[in-house]
Amino acid sequence: GANPWSVAVTPNNRWLYSTNNGSGTVSKINVASSKVSSTITVGKGPKGIAITPNGTLALVVNGTDQTISKIAITEKEPQSITFDAVADVWIGKKSV
């Protein structure tokens, strides 16, 4: 995808997920072959990505449209659901 931004690896080290900031997608990459298995559409401007410890979900922060996408991680084609932002969360010191 256009402008890769962040990556996360599943706990079994089989799949790597890469956010593509410029195309609003996430690439699912087979670690053993280094080939893209599928491309998942998410929100606009995906930046950060995290995979749950049990390896069943990936959460993507979409910076441009301020949403979060949830990707179900399965051996089949992954599916994405995008949620509207539900809260502003401060990380670090809040400016005064």
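## A buried serine in strand E4

A residue counts as buried when its relative accessible area is under 20%. In this predicted model, Ser38 has a relative accessible area of 7%, and Ser38 is therefore buried by that cut-off. Ser38 is found in strand E4, and its C-alpha atom is separated by 9.9 Å from that of Tyr17, although the two residues are 21 residues apart along the chain.

## The four-stranded sheet

Strand E4, which holds Ser38, belongs to an open sheet of four strands, arranged in the order E1-E2-E3-E4 with antiparallel pairing. Strand E1, residues 4-9, and strand E4, residues 35-41, stand at the edges with a single partner strand each, so one side of each is left without a neighbour in the sheet. On average, and with direction ignored, neighbouring strands of this sheet are turned by 25° against each other.

Within the sheet, strand E2, covering residues 15-20, pairs in the antiparallel sense with strand E3, covering residues 25-30, over six bridges. Leu16 has Ile29 in E3 as its bridge partner. As a general matter, strands of a sheet pair through backbone hydrogen bonds, either parallel or antiparallel.

## A nonpolar patch on the surface

Leu59, Val61 and Ile68 make a nonpolar surface patch of about 230 Å². Of these residues, Ile68 is found in strand E7, which runs over residues 67-72. Ile68 has a relative accessibility of 38% and so counts as partly exposed, whereas Ser38 in strand E4 is buried.

Notes: Residues are numbered from 1 along each chain as its sequence is written. This is a predicted model: local features need pLDDT of at least 70, side-chain atom pairs count only at pLDDT 80 or more; totals for chains, interfaces and linings use all residues. Side-chain values use heavy atoms; hydrogens and water are left out. Two strands pair if DSSP finds at least two bridges between them. Helices (H or I, at least four residues) and strands (E, at least two) are DSSP runs, numbered from the N terminus. Axes are lines fitted to C-alpha atoms, for helices over the stretch in contact, and angles run from 0 to 180 degrees between N-to-C directions. Patches are made of residues with over 30% relative accessible area and no salt bridge: like charges are joined within 9 Å, nonpolar side chains (Val, Leu, Ile, Met, Phe, Trp, Tyr) within 5 Å. Accessible areas come from the Shrake-Rupley method with a 1.4 Å probe; for residues, only the protein chains shown count as cover. A salt bridge is a side-chain nitrogen of Lys or Arg within 4 Å of a carboxyl oxygen of Asp or Glu. Buried means under 20% relative accessible area, exposed over 50%, partly exposed in between (1.4 Å probe, protein chains only).
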